[in-house]
Amino acid sequence: MLVSKRILLGITGGIAAYKTTFLTRLLIQAGAEVRIVMTPASADFVSPLTLATLSKNEVLSSFVREEDGTVDWNNHVELGLWADLMLIAPATANTLSRMASGACDNLLLACYLSAKCPVFVAPAMDLDMYKHPSTQKSLKTLMDYGNSVIPAESGELASGLIGEGRMAEPETIVAHLQAALRAKQPFSGKKILITAGPTYEAIDPVRFIGNHSSGKMGYALAEAAAAMGAEVILVSGPTALKIADPQIRVIPVVSAVEMHTESRRYFKEMDIVIGAAAVADYRPEHPASEKLKKTGDSMQINLVRNPDIIASLGREKTGQFLVGFALETENELAYAKKKLKEKNLDAIVLNSLRDTGAGFGSDTNKVTFIDKNSEITPFELKTKAEVATDLLHEIHKRLKD
Ligand code: C5P
């Protein structure tokens, strides 16, 4: 959630400022880009040099900067607009009150007034200051402005008193930001099951019938869906691909029958199912339990039909949005539409092997999205990651809440 997010961290003058070193480190570790503005008082509690080193950026605290005889302006408007998210931690009673009233006599407050992004404050102060009606009123005003408050926690305070007012721990602040960002995503709260890759149908313990599917399209869909806030189950046939995103649960399978069993296991709780796997249509009827030996000049393997996974889910569906893929070589549109109907899908993604750069193994794909009302949306040749995002946007447009 925080990967490549531009975070403007505002630090004010409270003892909890020492925790911002850990906070900065966590944000950087989570993949964010961090720039820091400090109020002049905060430098008494934490060193700008430490924060500049940890954030890998210059730390700013005044409107002007004098260097080698020249005077430069620290542009609060540019900083405020640069940020995807502004976090003021710790937020003292003084800064909260000044943010609420629109005061603007330091760089941090000027950035706050210029920022158009979501703003979060993590208050930190002594318990009576926190409880004071004026502080509570400031917090309420800021929430009315649309800012978010990361509540102070209870515990031992710098004054020696015990009560509410401790700044939330850096881990809690990061978790709060991640949850807030996730909640803003188009697929927040949605569960998506994706089948991906080939299936291997055993002939004997060492041989199988398989296909050239790399799984790249299904994995790209899983990653894009997670990036758009979904909780993803990826039922994957054998591939060389890896998933790092904790929002994606990979269920490895080998055969079509296993893929069918696993897909059905989770189907009821899903909102969306996308069948991107290249499932074998047939499997050897009696896989040998020992390695087959060479005998005659020819051999026969009797094949039986595999379950059509997406069609079987189509028969069971109770409101899930079901999307299939159709890889065609001729009469593409007509075959795709026929499949959509026969499998009771809500949409089908057509890719034609006639298009160069589309299909198995490649990093690009050229698809056409067709929904059940025959609305046809063709796309240009793009990377599979871009195709995945396009497809998910098409699905999102058609979801009933
Ligand atoms: O009928 P055809 O195999 O061309 O349909 C392709 C679509 O059906 C894909 O979405 C694929 O994942 C799915 N499919 C399936 N189970 C099968 C065969 C195909 O889910 N046995």
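By class, six nonpolar, two polar and four charged residues make up the shell around the ligand, where Ala, Val, Leu, Ile, Met, Phe, Trp, Tyr, Cys and Pro count as nonpolar, Asp, Glu, Lys and Arg as charged, and the others, including Gly, as polar. The model is predicted, so that local features need pLDDT of at least 70 and side-chain atom pairs count only at pLDDT 80 or more, while totals for chains, interfaces and linings use all residues. Residues are numbered from 1 along each chain as its sequence is written, and side-chain values use heavy atoms, with hydrogens and water left out.

The residues around the ligand, each with a heavy atom within 4 Å of it, include Gly275, Val279, Asp281, Pro307, Asp308, Phe325 and Lys343. Polar contacts, which are pairs of N or O atoms within 3.5 Å, are listed here for three residues.

| Residue and its atom | Distance to a ligand oxygen atom |
|---|---|
| Ala277, backbone N or O | 2.6 Å |
| Ile310, polar backbone atom | 2.9 Å |
| Lys339, polar side-chain atom | 2.3 Å |

Taken alone, the ligand exposes 440 Å², of which the protein buries 85%, with accessible areas from the Shrake-Rupley method and a 1.4 Å probe.

Elsewhere, Ser134 belongs to helix α7 (residues 133-144), helices being DSSP runs of H or I with at least four residues. Ser134 has a relative accessible area of 41% and is therefore partly exposed, a class that lies between buried (under 20%) and exposed (over 50%), with a 1.4 Å probe and protein chains only. The C-alpha atoms of Ser134 and Ser289, 155 residues apart along the chain, are separated by 78 Å.

Note on methods
Polar contact = N/O pair within 3.5 Å; in protein donor to acceptor, adjacent residues only side chain to side chain. Helix = DSSP H or I, 4+ residues; strand = E, 2+ residues; numbered from the N terminus.
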